[in-house]
Amino acid sequence: MDAFFGKYYLQGSHEQEATILLLKDKISIGIKDDSGDPKVIYWPYEQIIRDNFWKRGQAIVRCGSYPVQTIEVDSKEFAEKLEEIFRHREKSWISRAVNKNVVGMIKVLAIFFVLMAAAYLWFLPFLTERLAGKVPIAYEEKLGNGLYNALKENFIIDSSKTMYINDFFKELKIPSKYN
């Protein structure tokens, strides 16, 4: 972390010597208050008025909070570092997300969804087929007859067509364990 020296101005006040540090999320400005005691002022980067910082041979930076504050630093390196901070902060949300390992989280989620799809497409049919084979035929017939008896009250049964369909099924000679 580099320390820069410059001047601090508060709108309507006199200039003060200042020690300026560029921190991760703000600028730290060390000055002395009216009684000569050290005082630190912080400027969040969001409140800094974005401009070309290098003007008239010095870095001039203003903070938009009221009252307007200004710092002047006679160092092109300070202006370049501040520009670099703003370039980094202005990256798209996708770039920042990639920098924060969101790509790893996306990979984990993708693997999870692939595994869920595989389970749905292959494991679930395999499991249901095995479980269906474990159900006794007598239970299936009982369940089917119960459903038929519940539904047949609403139907008109045509005996001749029923006999015709049953004869057709017998001619197909499809082996079945069911009556």
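The following exercises, each with a worked solution, concern a predicted model.

**Exercise 1. The order of the strands**

Task: Determine the order of the strands in the open sheet of 7 strands, and state which strands are the edge strands.

Solution.
Step 1. Strands of a sheet pair through backbone hydrogen bonds, either parallel or antiparallel.
Step 2. Reading across the open sheet gives the order β4-β3-β2-β1-β7-β6-β5, with antiparallel pairing.
Step 3. The edge strands are β4 and β5, since each of them pairs on one side only.

**Exercise 2. Pairing between neighbouring strands**

Task: For the pairs β1 with β2, β2 with β3, β1 with β7 and β6 with β7, state how many bridges are found, and name residues that stand opposite each other.

Solution.
Step 1. Strand β1, residues 3–10, pairs with β2 in the antiparallel sense over 6 bridges. Within this pair, Phe5 stands opposite Thr19, and Gly6 has Ala18 as its bridge partner.
Step 2. Strand β2 also pairs with β3, residues 26–32, in the antiparallel sense, here over 4 bridges. Leu21 stands opposite Ser28 of β3.
Step 3. The antiparallel pairing of β1 with β7 extends over 5 bridges, and Tyr8 has Ile71 of β7 as its bridge partner.
Step 4. Strands β6 and β7 are antiparallel as well, with 5 bridges; Arg62 stands opposite Thr70 of β7.
Step 5. Two of these connections are hairpins. Between β1 and β2 there are 5 residues, and Gly12 in the turn has a positive phi of about 85°. The hairpin from β2 to β3 passes through 3 residues.

**Exercise 3. The two faces of strand β2**

Task: Sort the side chains of β2, residues 16–22, by the face to which they point, and state which are buried.

Solution.
Step 1. In a regular strand the side chains alternate between the two faces of the sheet.
Step 2. On one face of β2 lie the side chains of Gln16, Ala18, Ile20 and Leu22, and these are buried.
Step 3. Glu17, Thr19 and Leu21 point to the other face and are not buried.

**Exercise 4. The nonpolar core**

Task: Describe the largest nonpolar core and identify which elements supply its residues.

Solution.
Step 1. In soluble globular proteins, nonpolar side chains tend to be buried together.
Step 2. The largest nonpolar core has 23 residues, and those with the most contacts inside it are Ile20, Ile27, Ile29, Trp43, Phe78 and Leu82.
Step 3. At least two residues of this core come from each of β1, β2, β3, β4 (38–44), β6 (58–63), β7 (69–73) and α1 (76–89). The largest share, 5 residues, is that of α1.
Step 4. Ile27 serves as an illustration. Apart from neighbours within four places in sequence, Ile27 is in contact with residues including Ile20, Leu22, Trp43, Ile48 and Leu82.

**Exercise 5. Buried or exposed?**

Task: Classify Ser28, Gln69, Arg56 and Lys173 as buried or exposed.

Solution.
Step 1. The limits needed are under 20% relative accessible area for buried and over 50% for exposed.
Step 2. Ser28 lies in strand β3. Its relative accessibility is 8%, so Ser28 counts as buried. Leaving out residues up to four places away in sequence, Ser28 touches Thr19, Ile20, Leu21, Leu23, Val40, Ile41 and Tyr42.
Step 3. Gln69 belongs to strand β7. With a relative accessible area of 9%, Gln69 is therefore buried. Beyond its neighbours within four places in sequence, its contacts include Tyr8, Trp43 and Arg62.
Step 4. Arg56 is placed in the loop between β5 (54–55) and β6. Because its relative accessibility is 69%, Arg56 counts as exposed.
Step 5. Lys173 is in the segment after α5 (159–172). Its relative accessible area is 69%, so Lys173 is exposed.

**Exercise 6. Backbone angles**

Task: State what is notable about phi in Arg56 and Lys173.

Solution.
Step 1. Most residues other than glycine have a negative phi.
Step 2. Arg56 is not a glycine, yet it has a positive phi of about 50°.
Step 3. Lys173, also not a glycine, has a positive phi of about 55°.

**Exercise 7. A pocket and its lining**

Task: Give the volume of the second largest pocket and describe its lining.

Solution.
Step 1. The volume of the second largest pocket is about 150 Å³.
Step 2. Among the residues that line this pocket are Tyr8, His14, Ile31, Asp33 and Lys39.
Step 3. The lining divides into 4 nonpolar, 3 polar and 4 charged residues.
Step 4. Strands β1, β3 and β4 each supply at least two residues of the lining.

How values were computed
Residues numbered from 1 in each chain as written. Predicted model: local features only at pLDDT ≥ 70, side-chain atom pairs only at ≥ 80, totals over all residues. Heavy atoms only, no water. Buried < 20%, exposed > 50% of the residue type's maximum accessible area, 1.4 Å probe, protein only. Pairing = 2+ DSSP bridges. Core = buried A, V, L, I, M, F, W, Y, C linked by side-chain atoms within 4.5 Å. Contact = heavy atoms within 4.5 Å. 1 Å grid on protein atoms, 1.4 Å probe; cavity = no way out; pocket = protein on both sides within 12 Å on 5 of 7 lines; lining within 4 Å. Points joined across faces, edges and corners; volume = space filled by probe spheres on them. Nonpolar A, V, L, I, M, F, W, Y, C, P; charged D, E, K, R; others polar.
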